[in-house]
Amino acid sequence: MPEGDTVHRQAALLRRALAGKVLERSDLRFPSVATADLSGRTVTEVVPRGKHLLIRVDGGPEGLVPLTLHSHLLMEGLWHVYPRGVRWRRPAHQARAVLETAAAQAVGFDLGMLDLLPTAEEDDVVGHLGPDLLGPDWDRGEALARLASHPSRAVAAAIMDQRNLAGIGNVYRSEVLFLRRLHPFTPVADVPDPGALVDLAQRLLHVNRDRAQRSTVGGPARRGAQLWVYGRGRQPCRRCGTPVTESRIDDAELVPGEPHAGPSRDRAVWFCARCQPLP
Ligand SMILES: [Zn+2]
């Protein structure tokens, strides 16, 4: 599942392929943007914001309004870059966006969201985001203040609320809570050291940004052993052997502006009841 680390890696890939290059062709296959044509415009920058990806283009030779192509990977989305003429590794019907330069094609498969807006109005789609854990402008104090502003909220909901801090998804939330020995339903006010929690999340996202296989267990791990509790319901805790608990948490009020995979915003969280007791 794409989280902040994936989005930053994707942005770097797209930046290398597109930044400074003129688009010779664009094909956007989302109803809201299907008629848009970006050909002739130059890609100026590719920016990750939390789990959102912003591809900025200039006004082109006609001096039109600079635009931002805004995408969100949601659950299954992924951008690939190919040299022109090379066969795609995923079926064409999954492609939601194609951006073509003289040398390369960037193809967005199964994107969860795609829209186009004036660059000057980016705040409309990402302005709600809190400090980005992987951003150059990461503001730890601001993130902690935002978390603390709702002291009775369950920590598992609070750290995934992209308005508090951006970049943590469902995988990292379960993993950081396990590593900090925090029960997911602990009220934010009862978290002994919120700074350490946030620092750990940032460290994990950083070490995984340049890795193909995400791991939270420290160092290289064999396939299937890279995570402590995420997705491991009823399997033995890697620390104490107690069966891992899978629970649901209502994220309903926490993600305005964030797309969601299904109608229900009840999402799973995994934890070890023994290693992570309620305070
Ligand atoms: Zn345990």
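**Close-up 1. Asp 110 sits in the loop between strand S7 (104-109) and S8.** Welcome to this predicted model; we start with a backbone torsion worth a look. Although Asp 110 is not a glycine, its phi is positive, at about 50°. The residue counts as partly exposed because its relative accessibility is 25%, and buried would require under 20%.

**Close-up 2. Arg 181 also shows a positive phi without being a glycine.** Here the angle is about 55°. You will find Arg 181 in the loop between H5 and H6. With a relative accessible area of 45%, Arg 181 is partly exposed.

**Close-up 3. Strand S7 is largely enclosed by the rest of the structure.** Six of its six residues are buried, which is why S7 is described as enclosed. In a regular strand, side chains alternate between the two faces of the sheet. For S7, both faces are covered. Ala 104, Ala 106 and Gly 108 lie on one side, while Gln 105, Val 107 and Phe 109 lie on the other, and all of them are buried.

**Close-up 4. Strands S5 and S6 each pair with S7.** Strand S5 (residues 78-83) pairs with S7 in the antiparallel sense, over six bridges. To find your bearings here, look for Pro 83, which stands opposite Ala 104 in S7. Strand S6 (residues 95-100) is also antiparallel to S7, and five bridges join the two. In this pairing, Ala 97 faces Gly 108 of S7 as its opposite residue. The connection from S6 to S7 is a hairpin through three residues.

**Close-up 5. An open sheet is built from four strands in the order S2-S3-S4-S8.** The pairing in this sheet is antiparallel. Strand S2 (43-49) and strand S8 (113-118) stand at the edges; each has a single partner strand, so one side of each is left without a neighbour in the sheet. On average, neighbouring strands are turned by 20° against each other, direction ignored.

**Close-up 6. Helix H1 (residues 4-18) lies across S2 and S3.** The helix runs at about 175° to S2. Beneath this title pair, S2 and strand S3 (residues 52-57) are antiparallel and joined by six bridges. A handy landmark is Arg 49, which stands opposite His 52 in S3.

**Close-up 7. Phe 178 and Trp 228 form a stacked aromatic pair.** A search of the whole structure finds three aromatic pairs, and this is one of them. A pair of aromatic rings is described by the distance of the centres and the angle of the planes. For Phe 178 and Trp 228, these values are 5.2 Å centre to centre and 25° between the planes. The pair links distant parts of the chain, 50 residues apart: Phe 178 belongs to helix H5 (residues 170-179), and Trp 228 to the loop between helix H6 (194-209) and strand S9 (245-250). Both residues are buried. Trp 228 has another companion in Arg 239, which lies over the face of its ring at 5.7 Å from the ring centre.

**Close-up 8. Tyr 230 and Trp 270 make an edge-to-face pair.** Their ring centres are 4.8 Å apart and their planes stand at 65°, so the pair is edge-to-face. This pair, too, links distant parts of the chain, 40 residues apart. Tyr 230 is in the loop between H6 and S9, whereas Trp 270 is in strand S10 (residues 266-271). Trp 270 counts as buried because its relative accessibility is 9%.

Notes
Residues are numbered from 1 along each chain as its sequence is written. This is a predicted model: local features need pLDDT of at least 70, side-chain atom pairs count only at pLDDT 80 or more; totals for chains, interfaces and linings use all residues. Side-chain values use heavy atoms; hydrogens and water are left out. Two strands pair if DSSP finds at least two bridges between them. Axes are lines fitted to C-alpha atoms, for helices over the stretch in contact, and angles run from 0 to 180 degrees between N-to-C directions. Contact means heavy atoms within 4.5 Å. Rings of Phe, Tyr and Trp (its six-membered ring) pair if their centres lie within 6.5 Å; planes under 30 degrees apart count as stacked, over 60 as edge-to-face and the rest as tilted. Buried means under 20% relative accessible area, exposed over 50%, partly exposed in between (1.4 Å probe, protein chains only). A charge sits over a ring if NZ of Lys or CZ of Arg is within 6 Å of the ring centre and within 35 degrees of the ring normal.
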